[in-house]
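I sat down with this structure and a fresh notebook page. Here is what I looked up, in the order I went through it.

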Amino acid sequence: MKSTLTYSMAGVCLLALAAPMHVAAQTAPAVGVQAKPAAVEEVPAAPDVIVTARRRDEALRDVPASVNTVTAAQVSKLNLRNFTDVQALVPGLQLATLANGTGANALLRGIDFNINASGNNPTVEFYLNDAPIAAAVILQDQYDVSQVEVLRGPQGTLRGRASPSGAITVTTKQPDLNNYGGYADTTFNDIGTKNLQGGVNIPILPGVAAIRIAALHDDDEYDRVRPLVGSVDNRQPDQGVNSWRISALAEPTDWLKLSGMYERFDRKLYSYPQVESFNLENPAAAASPTEITANDRLSNLDGGLAIRQIYNIYNWRAELSHWGQRLIYQGEYYTQAIDGGESQDKANIFPGNDYNLETRSREKSQSHEVRLQNEERIAGLFDYVLGFFDYQNNMPSTLAQPTIVTLPAALGGGVTVVDTAITTPGHSHEQSYFGNLTGHFLDGKAELSGGLRYITYSDLNTITVNGTVLSSHANDDKKLIYSASAKYNFTRDLMVYFSTGTSFRPGINVIGDFSLTQSPLENSFLNLAPETSTSYEIGAKTALFDHRITFDLSAYHQTFDNYPYRVPGNGVYYVDTVASGSGGVQQQVNEFNFVSAVPVEVNGLEAQTSFRITHDWNVGLTASYSLGKIQKAAVPCTDLNGDGTPDVINTAPTLAQLQTATGANHISSCKVSQRSAFLPPFSATLQTDYTQPISDKLEAFGRGLVSFYGDSRNDPSNPYDDVSAYALVNVFTGIRDPNGRWTLTLFAKNLFDTTKVLSSTNPLFTAYQQVSVGAGGAITATGQSTSSSYVGISTTPPREIGLNLRVSFGSR
């Protein structure tokens with residue numbers, strides 16, 4: 001039945017997209033009948049997309065930079081329920097959340113950001129209503145969004161914090177001062193999703209003050225990964241989200257504008273990590289007791305992981321305009337309350353028990369920015385921005401790390417746990433002064449722009465284990481960064497530009513290795529120097545046929561010093577010193593994603609084009625190529641044979657093997673030349689949208705979205721996790737009111753049910769302490785590890801077929 005529905009839906013969409021040819025065929029005259037001159041359809045130019053990439057409203061085609069936009073209309077039309085869905089429209093962008101709920105990652109222009117490697121200093125900075133915010137807060141279910149802008153390349157002299165790869169700005173819908181209105185949006189699909197969202201706009205004092213209230217409820221089965229055997233608590237994967245937001249806007253005079261927003265977001269998740277039999281990747285590996293494929297969407301664990309995330313966001317703004325100038329104050333305060341876990345028995349050697357590393361994080365962040373900029377050009381030539389920025393972050397976390405201990409019969413037998421209490425209080429404070437000046441010359445044909453930002457940054461990060469300080473590191477950095485650009489409009493429809501800029505990220509202290517005895521080499525992979533980078537970009541933007549066709553192309557080159565490269569997968573093996581079951585400490589094998597500061601060189605191309613074929617038919621294509629390379633740099637590795645090259649791992653080493661290979665260092669180091677990020681160098685997105693009027697009160701439509709991802713190499717030391725090229729196809733068809741009062745959409749995402757393994761770990765293993773009683777009753781403990789015949793994987797999302805109904809009135 002599902003297959004029939006899938007192919008029927010594909011046929012409907014293809015018919016809808018073929019409608020222009022059908023209409024054209026109907027215009028052909030009968031044989032022998034003299035044809036009348038056909039009326040030429042006036043196809044209007046595509047409307048300008050307005051962005052705030054340079055902190056003021058301007059048309060996207062006038063911005064000398066590579067920028068992608070996702071509008072409110074696209075979010076609705078393509079049913080983008082979660083913010084990570086945005087990556088389907090922006091080639092080269094990869095968005096993901098961490099399994100334990102403590103953070104999120106964003107990758108752009110060949111450079112990765114991982115919160116465990118970079119802390120709160122990302123390569124891609126996120127902004128909510130013009131204020132910086134953590135990626136984990138943004139990469140959630142989204143609703144009532146006005147526009148998303150993806151700004152590629154170094155940011156920082158104009159906007160908030162310095163970020164080397166780009167920035168992503170999210171603007172929520174603002175209140176309408178004059179009109180009542182609202183909407184309700186519902187989505188149901190065949191894999192258990194129930195998504196309800198809506199908003200209402202209320203003018204309190206028409207023309208002066210208004211509020212907007214929006215809310216979201218979502219209940220779904222997350223990634224649909226289930227336990228191979230019955231769950232110990234009889235639970236299946238489940239995700240529940242409840243959120244609401246209230247926004248206010250007041251313009252009591254023509255020179256004063258005040259706005260504010262409060263949002264509460266509450267997410268509960270119960271999930272299982274997905275696995276696959278290792279012998280499916282490596283035929284030489286032993287067969288699993290039960291073969292598991294990626295299509296099965298199964299986990300080897302019989303206990304799931306529970307996560308709770310609560311975010312409270314306060315965002316406010318004041319604008320004062322006078323004498324052709326504008327003074328803006330932007331403030332924000334938000335809290336993150338996160339409770340999560342991560343299994344310490346990944347191989348499920350001890351079934352029926354939950355041995356989880358429990359994490360409790362309570363983070364508080366605030367930012368303040370004051371800036372002055374012109375509204376009217378100075379001397380008819382210059383635009384400027386001057387400002388001050390302040391950002392503070394308090395990030396205390398507590399962890400309970402279990403050491404699994406097996407007991408001999410003399411001590412009662414069975415399995416017990418020794419818990420280690422870990423606290424990681426942390427604080428950072430950043431301040432900066434910034435300015436930017438843009439000159440417009442030759443009657444607006446030429447533009448020169450330059451900016452500076454002076455940054456002072458300090459932090460203190462401490463790790464305490466069982467009440468004893470394991471490590472404490474402080475940073476105190478100062479840095480001046482710059483940006484410059486030049487553009488020239490050869491014609492109204494052709495603009496070329498060149499830009500350059502530098503960026504900076506403070507040194508980092510990586511959290512996750514809680515060994516009680518850390519070697520100097522181990523420490524060098526945990527505490528890194530500040531990162532700097534320099535970028536060069538050249539591009540062109542053009543339009544043809546009265547702007548019915550647009551085409552943008554850019555090329556860039558960027559170099560990094562001390563880029564924090566984090567080992568992928570589950571990391572590398574190292575000798576870990578833990579509290580033992582005998583009352584002392586003992587060594588055992590462990591695995592962690594250590595980080596090293598390495599030089600990186602990135603080269604890339606980006607292009608996007610749109611074609612308004614007819615009044616009712618649009619096509620758009622966006623493509624990205626980016627390749628980042630690490631050249632001859634020392635990185636943490638597993639090197640049991642001591643040849644200086646990362647080993648291919650088929651099973652976890654014994655403690656004796658690892659001790660012999662690493663000695664007093666506890667970890668190995670290898671010199672490598674490899675990619676800096678693990679995503680396809682080439683990716684592209686094709687969109688099409690066609691509307692067929694049926695009557696003056698009804699329209700039919702068809703839409704298609706194809707996301708293509710080229711070949712990719714993941715972990716260089718894992719020959720089994722390379723990803724071949726693939727494409728995901730989403731199709732939409734339905735009917736709607738021409739005035740937008742209601743829309744009914746039938747959709748299929750991942751239409752052909754493509755299942756692709758996107759990442760794969762080494763074989764999962766469990767480390768534990770084995771207690772024995774010797775002669776004379778002496779109790780000793782030795783570190784042991786057991787490998788599984790399964791590997792952890794991540795895959796493309798399952799196919800979903802669903803129905804969406806959207807109803808709106810008044811101001812939407």
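**Disulfides.** I searched the whole structure for disulfides, keeping in mind that this is a predicted model. The search came back with 1 disulfide. I noted the partners as Cys637 and Cys670, with 2.1 Å from S to S. As a reminder to myself, a disulfide is a covalent bond between the sulfur atoms of two cysteines.

Where do Cys637 and Cys670 sit in the chain? I found Cys637 in strand 33 (residues 617-637) and Cys670 in strand 34 (residues 668-675). The two cysteines are 33 residues apart, and the pair links distant parts of the chain.

Next I checked the handedness. The torsion about the S-S bond of Cys637 and Cys670 is about 70°, so I wrote this disulfide down as right-handed.

Is Cys637 buried or exposed? Buried means under 20% relative accessible area, and Cys637 has 2%, so I logged it as buried. Cys670 is buried too, with a relative accessible area of 1%.

**A sheet.** I then turned to an open sheet of 5 strands. I read its strand order as 3-8-9-6-7, and its pairing is mixed. Strand 3 (67-71) and strand 7 (131-133) are the edge strands, each pairing on one side only. On average, neighbouring strands of this sheet are turned by 25° against each other, direction ignored.

I took a closer look at one pairing inside it. Strand 8 (residues 145-152) runs antiparallel to strand 9 (residues 166-172), and the two pair over 7 bridges. Which residue of strand 9 stands opposite Val145? I found Thr172 there.

**A pocket.** Strands 8 and 9 turned up again when I looked at the second largest pocket, since each of them supplies at least two residues of its lining. Strand 1 (50-51), strand 14 (238-253) and strand 18 (305-322) are among the others that do so. I noted a volume of about 900 Å³ for this pocket.

How many residues line the second largest pocket? I wrote down 35, with Thr52, Asp57, Thr171, Arg317 and Glu319 lying nearest the centre. By kind, the lining divides into 8 nonpolar, 15 polar and 12 charged residues.

**One last residue.** I finished with Phe747, which I located in strand 38 (residues 742-749). Phe747 has 0% relative accessibility, so I entered it as buried. I also looked up its separation from Ala347: the two are 400 residues apart along the chain, and their C-alpha atoms are separated by 38 Å.

Notes: Residues numbered from 1 in each chain as written. Predicted model: local features only at pLDDT ≥ 70, side-chain atom pairs only at ≥ 80, totals over all residues. Heavy atoms only, no water. Pairing = 2+ DSSP bridges. Helix = DSSP H or I, 4+ residues; strand = E, 2+ residues; numbered from the N terminus. Axes fitted to C-alpha atoms, helices over the stretch in contact; angles between N-to-C directions. Disulfide = S-S within 2.5 Å. Buried < 20%, exposed > 50% of the residue type's maximum accessible area, 1.4 Å probe, protein only. 1 Å grid on protein atoms, 1.4 Å probe; cavity = no way out; pocket = protein on both sides within 12 Å on 5 of 7 lines; lining within 4 Å. Points joined across faces, edges and corners; volume = space filled by probe spheres on them. Nonpolar A, V, L, I, M, F, W, Y, C, P; charged D, E, K, R; others polar.
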